[in-house]
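Hi,

Here's the structure I said I'd pass on. Have a look at it first, and then read on for what turned up.

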Amino acid sequence: RDRIYERLFQLYPSKAARISNHLHFRARSARREAARRMNYHHHIPRDKSPGEFFPGPQNKVYKDLVAELVGTHAGYSLHCGGVVLLEGDGNHIPESDWVPNPPTENNQVKWDKRDCQKK
């Protein structure tokens, strides 16, 4: 499969790319991310909530941050089989749509797999 991807990217350098899964914070990941953002970088046991480590007024700040994070964009992951290939001479993938770590290695675009399936 990787050789097929490599060949596609060689033949169509600005027209072929792998699509992304868009990741969003859910409750558990939002709690852990909020703890990290409040400079708690220790192991959190599975049976504990990170909120237990923030006493008093810090606990309200922590809970507000968690509520703010739930549902927001957390990052991109590479879709295991999704590839887009643009047709036509004038079409190419805009620079702003490439995932920036580094795009030359994985040819990944920010386009969500669900949006690509609709078209």
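Leaving aside residues up to four places away in sequence, N21 touches G75, Y76, S77, L78, H79, D112 and K113. Bear in mind that this is a predicted model. N21 belongs to strand 1, which covers residues 16-24. Is N21 buried or exposed? Its relative accessible area is 16%, under the 20% cut-off, so N21 counts as buried.

The contacts of N21 lead straight to the sheet. This is an open sheet of three strands, ordered 2-1-3, with mixed pairing. Strand 2 (73-85) and strand 3 (108-112) sit at the edges, each pairing on one side only. On average, and ignoring direction, neighbouring strands in this sheet are turned by 45° against each other. Strands 1 and 3 run parallel and are joined by two bridges. If you want to find this pairing on screen, go to S20, whose bridge partner in strand 3 is D112. D112 is also among the residues that N21 touches.

Next, helix 3, which takes in residues 57-69. Does its length agree with what its residue count predicts, or disagree? With 13 residues at 1.5 Å a residue, helix 3 should span 18 Å, and its end C-alpha atoms are 19 Å apart, which agrees. The expected figure is 18 Å because the span is 1.5 Å times one less than the number of residues.

Helix 3 also has two distinct faces. Its buried residues are N59, Y62, L65, V66 and L69. They cover an arc of only 125° around the axis, so they lie on the same side of helix 3. Helix 2 (27-37) is part of what covers these buried residues. On the face turned away from the buried side, helix 3 carries the exposed residues P57, K60, K63, A67 and E68. After helix 3 comes G71, with a positive phi near 90°.

One last thing, from the start of the chain. E6 is in helix 1 (residues 2-11). Its relative accessibility is 48%, so E6 counts as partly exposed. E6 and N107 are 101 residues apart in sequence, yet their C-alpha atoms are 9.4 Å apart in space.

That's what I have for now.

Cheers

Conventions: Residues numbered from 1 in each chain as written. Predicted model: local features only at pLDDT ≥ 70, side-chain atom pairs only at ≥ 80, totals over all residues. Heavy atoms only, no water. Helix = DSSP H or I, 4+ residues; strand = E, 2+ residues; numbered from the N terminus. Buried < 20%, exposed > 50% of the residue type's maximum accessible area, 1.4 Å probe, protein only. Contact = heavy atoms within 4.5 Å. Pairing = 2+ DSSP bridges. Axes fitted to C-alpha atoms, helices over the stretch in contact; angles between N-to-C directions. Arc of directions from axis to C-beta.
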